[in-house]
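Q: Could you pick one part of this model and take me through it slowly? I'd like to know how it sits among its neighbours.

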Amino acid sequence: MKLLIINDYGIEGGGSENRIRLLVRELLKRRYFERVYILQLEGTSASLKDDRITYYFSSGSLRNSYKTTKDLIKKEKINLVQAHNLLALSPACVRAAKDMKVPLIWFAHDYWPLCAKRS
């Protein structure tokens, strides 16, 4: 199976990135997925080096996030999408996964994507 993880800053950075990095290592160690794809914002680093991890980048615009996600799902034959936060990459990634009929898990580590006023 192939997993696509979508997170604005990939697996390098703060709280959610640290948890995602640990998750990816564990999933690959236990061989739950043959390959993990990570979609993150252009200009961020692809730091975790492993033969079974492939990085893709998106500008973050609604149109580009949607198209990149949809193309990636189709090209790599993704079986499961796991999205985290989606502040910069936008929820258009979620829409692309739904349109491609791929199972999706969306983690809102912060409530900002769900409540723009943060109240």
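What follows is a close look at helix α2, with a shorter look at some other parts afterwards.

A: First, some ground rules: this is a predicted model, where local features need pLDDT of at least 70 and side-chain atom pairs count only at pLDDT 80 or more, while totals for chains, interfaces and linings use all residues. Residues are numbered from 1 along each chain as its sequence is written, and side-chain values use heavy atoms, with hydrogens and water left out.

Now to α2, which covers residues 62–76 (helices are DSSP runs of H or I with at least four residues, strands are E runs of at least two, both numbered from the N terminus). With 15 residues at 1.5 Å a residue, α2 should span 21 Å, and its end C-alpha atoms are indeed 21 Å apart. That expected span is 1.5 Å times one less than the number of residues.

Which residues of α2 are buried? They are Ser 65, Thr 68, Thr 69, Leu 72, Ile 73 and Glu 76. Buried means under 20% relative accessible area, exposed over 50%, and partly exposed in between, using a 1.4 Å probe and protein chains only. Looking down the axis of α2, these buried residues fall within an arc of 125°, so they line one face of the helix; the arc is taken from the directions from the helix axis to the C-beta atoms. The general background is that an α-helix has 3.6 residues a turn, so residues three or four places apart point the same way. On the face of α2 turned away from the buried side you'll find Arg 63, Lys 74 and Lys 75, which are exposed.

So what covers that buried face? The cover includes strands β1 (2–7), β2 (35–41), β3 (53–58) and β4 (80–84), plus helix α3 (92–99). Contact here means heavy atoms within 4.5 Å.

The partner α3 deserves its own look. The axes of α2 and α3 come within 8 Å and cross at roughly 35°. Axes are lines fitted to C-alpha atoms, for helices over the stretch in contact, and angles run from 0 to 180 degrees between N-to-C directions. The crossing of α2 and α3 is right-handed, with the near helix turned clockwise from the far one by less than a right angle. From α2, the contact uses Leu 62, Ser 65, Tyr 66, Thr 69, Lys 70 and Ile 73, while α3 brings Ala 92, Cys 93, Arg 95, Ala 96, Ala 97 and Asp 99. Sorted by type, the contact has 7 nonpolar, 2 polar and 3 charged residues (Ala, Val, Leu, Ile, Met, Phe, Trp, Tyr, Cys and Pro count as nonpolar, Asp, Glu, Lys and Arg as charged, the others, Gly among them, as polar).

Just past the end of α2, Lys 77 takes a positive phi of about 55°. Ser 90, in the loop between β4 and α3, has a positive phi of about 80° without being a glycine, and at 7% relative accessibility Ser 90 is buried. Beyond α3, in the loop leading to β5 (104–107), sits Lys 101; its phi is about 60°, and at 74% relative accessibility Lys 101 is exposed.

Finally, there's helix α1 (residues 15–29), whose buried residues pack against β1, β2, β3 and β4. They cover an arc of only 135° around the axis, on the same side of α1, and Leu 22 and Lys 29 are exposed on the other side.
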